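Work through these exercises with the sequence and the model side by side. Try each task before reading its solution.

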Number of protein chains: 2
Amino acid sequence: MRTYFDCIPCFVRQALDSVRMTTGDEQVQEKVLREVLRLGSEMDLRRSPPAMAQRIHRLIREITGAKDPYLEVKNRYNRLALEMYPELKERIETSADPLEAALRLAIAGNIIDLGVKTSIKELDIEKIINDSLTADFDGRRIEEFRNAVSRAEKILYLADNAGEIVFDRLLIERLPCEKVTVVVKGVPVINDAMLEDAEFAGLTEIVEVIDNGSDAPGTILESCSQTFRDRFEEADLIIAKGQGNYETLSDIDKDIFFILKAKCHVIAKDLGCEMGEMILQRGKSFDGIVDSVKEAE
Amino acid sequence: MRTYFDCIPCFVRQALDSVRMTTGDEQVQEKVLREVLRLGSEMDLRRSPPAMAQRIHRLIREITGAKDPYLEVKNRYNRLALEMYPELKERIETSADPLEAALRLAIAGNIIDLGVKTSIKELDIEKIINDSLTADFDGRRIEEFRNAVSRAEKILYLADNAGEIVFDRLLIERLPCEKVTVVVKGVPVINDAMLEDAEFAGLTEIVEVIDNGSDAPGTILESCSQTFRDRFEEADLIIAKGQGNYETLSDIDKDIFFILKAKCHVIAKDLGCEMGEMILQRGKSFDGIVDSVKEAE
């Protein structure tokens, strides 16, 4: 997905939120803000929004010297999500369609995204979970996803944020774990999940977890390690979680299922859905091949 | 009021809204956006937000060649407000305290501000009016205002937007009209009221109306004509309507009553009030002199 004009005021606001999170020094905040505006005035709008976000967060790290400003936030949301895990697992196991319930909860987990919202009230989470379990959700897509998973040999699950990764575990547990590799970021950026978050969530005990070597809040292939790129190439199914992964991979010719909540107007417009909608969307080049998949089985 | 960091993403969004309003040509929109970002990266934050807005709207006029992009919007809101005028006047005349009712309605009119919101649903206006007539409002301030008006010899009423200026007329009719001069902008900027809007609202028939010679969405004295500055100097009471006038005059040593609705977090914080609050606020240097005024009468 390209960068839309509407992404630009949002970059500036996000940069301000992030640098405030990192330092209380207003001179540093001003320096970052001015540099972000200058970068923005020269940016390549054909690139995806996370390409700009990557530059902004590099800049904040460089100027402030802070390597992982969201560490505390990530730990807090990890703990919060893990506290909920046993109950959520129970709800999945007792539901009529556990895969569907797990998919719905993985999307509910996508709400925990400090890149879009500066803070979320922890109390909202319970409501989000209940809403996610009952909201409209395209049943045909779920079948398509189920078929693609059962057919695939090598599945890469591209994780999104800390905290959310506990919800991802609920879904990953419903997948054939021996075929699944979970991918986290290589360098801390915003609240994106790292190897330690995957460990905290207990994922390293049930699947292989690798990092992509990159500091982009999404999956910008040319910014990732060769090791990751090889794995991406070899995989026959990609499960890509969250807005950042959608923004960076929506134009890639590969069998990808995007799982996210459309949290901003730009994404909703690009997806052709309403704001706040729960999305399980197959990548353009493989979209609509559900029938041939069913035939093959 | 200085420019806060939070004003900056808002400038970028406002510039985008305005250039979209002016032209559908995306290349022109991009050019404006990039130039606004560049200007922002070098801006003087000690100046008030309307100083930056003035530069942005000059830029849009220069690049697009459009002299008055909001003309149609202004005319529409003028007509809408004028349709409501007879009923509102009746409500004022039949209320227990007509000056207070008129003050409340002048604030209600301040909601019609396309500089802050891109569009308002016309249906909301009725609700805003009813809410404004019943919301909490500082009675002590109203007395202070009443006293200041009756004491003053030369009153300048700095108007804000088109449409809103019809609501201003309701208040101006409750003031001693022979002492009042209404001031509009000298050059079209956003939806700020011009001479023709004052005429349309019927103000030119009841008070003197002058323009300030400036294209700033507020009152930046050094940007105004010498004629206006002399009148400002001579006046013993200024009634300043809307956020732009508050932002540009809040630090001026002069007896000013600011009348506005606090429509953004930055203004609310600067005023020490809640978002959405109805504000009748006396300028810092004259604040709290209500007792001595009473004594003088």
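## Exercise 1: An edge of the sheet in chain B

Task: Find how strand E2 (residues 180-184) of chain B and E3(B) pair, and over how many bridges.

Solution. Step 1: E2(B) and E3(B) run parallel and are joined by four bridges. Strands are DSSP runs of at least two residues, helices are DSSP runs (H or I) of at least four, and both are numbered from the N terminus. Two strands pair if DSSP finds at least two bridges between them.

Step 2: Locate the partners. Thr181(B) faces Glu208(B) in E3(B). Val184(B) stands opposite Asp211(B), also in E3(B).

Step 3: Add the connection. Together with helix H9 (residues 195-200) of chain B, the strands E2(B) and E3(B) make a right-handed β-α-β unit. Right-handed means that, with the strands pointing away from the viewer, the path from the first strand over the helix to the second runs clockwise.

Step 4: Compare the faces of E3(B), residues 208-211. Val209(B) and Asp211(B) are on the covered face. Glu208(B) and Ile210(B) are on the uncovered one.

A note on reading the model: it is predicted, local features need pLDDT of at least 70, side-chain atom pairs count only at pLDDT 80 or more, and totals for chains, interfaces and linings use all residues. Residues are numbered from 1 along each chain as its sequence is written, while chains are lettered from A and ligands numbered from 1 in the order in which they are written.

## Exercise 2: The whole sheet

Task: Give the strand order of the open sheet in chain B, and name the strands at its edges.

Solution. Step 1: The order is E3-E2-E1-E4-E5-E6 in chain B, six strands with mixed pairing.

Step 2: E3 and strand E6 (278-282) of chain B have a single partner strand each, so one side of each lacks a neighbour in the sheet.

Step 3: From one strand to the next, the twist averages 20 degrees. Angles run from 0 to 180 degrees between N-to-C directions, and axes are lines fitted to C-alpha atoms, for helices over the stretch in contact.

Step 4: Place a helix. Helix H7 (residues 139-151) of chain B lies across strand E1 (155-158), strand E4 (237-241), strand E5 (256-261) and E6 of chain B. Its direction is at about 50 degrees to E6(B).

Step 5: Turn to chain A. Strand E1 (residues 155-158) and strand E4 (residues 237-241) of chain A run parallel, joined by four bridges. Tyr157(A) has Ile239(A) as its bridge partner in E4(A).

## Exercise 3: Two helices side by side

Task: Find the angle at which the axes of helix H5 (residues 98-109) and helix H8 (residues 164-172) of chain A cross.

Solution. Step 1: The axes cross at roughly 170 degrees and come within 8 Å.

Step 2: That makes H5(A) roughly antiparallel to H8(A). Angles over 145 degrees count as roughly antiparallel, under 35 as roughly parallel, 65 to 115 as roughly perpendicular and the rest as oblique.

Step 3: List some contacts. H5(A) contributes residues including Ala102(A) and Leu105(A), and H8(A) residues including Phe167(A) and Leu171(A). Contact means C-beta atoms, placed from the backbone, within 7 Å.

Step 4: Sort the contact residues of H5(A) and H8(A). Eight are nonpolar, one is polar and two are charged. Ala, Val, Leu, Ile, Met, Phe, Trp, Tyr, Cys and Pro count as nonpolar, Asp, Glu, Lys and Arg as charged, and the others, Gly among them, as polar.

## Exercise 4: Buried or exposed?

Task: Decide whether Lys127(A) and Ile190(A) are buried or exposed.

Solution. Step 1: Set the rule. A residue is buried if 20 or more other C-beta atoms lie within 10 Å of its own, exposed if 12 or fewer, and partly exposed in between; C-beta atoms are placed from the backbone.

Step 2: Lys127(A) is exposed, because it has 12 C-beta neighbours inside 10 Å. Its place is in helix H6 (residues 124-134) of chain A.

Step 3: Ile190(A) is buried, because 27 other C-beta atoms lie within 10 Å. Ile190(A) sits in the loop between strand E2 (180-184) and helix H9 (195-200) of chain A. Its phi is near 45 degrees, a positive value in a residue other than glycine.

Step 4: Extend to a helix. Eight of the eight residues of helix H11 (residues 242-249) of chain A are buried, so H11(A) is largely enclosed by the rest of the structure.

## Exercise 5: Between the chains

Task: How many residues of chain A are in contact with chain B?

Solution. Step 1: 13 residues of chain A touch 13 residues of chain B.

Step 2: On the chain A side, helix H1 (7-22) and helix H2 (26-42) are the elements that give two or more residues. H2(A) gives the most, with seven residues.

Step 3: This side of chain A has seven nonpolar, three polar and three charged residues.

Technical notes. Two residues are in contact if their C-beta atoms, placed from the backbone, lie within 7 Å.
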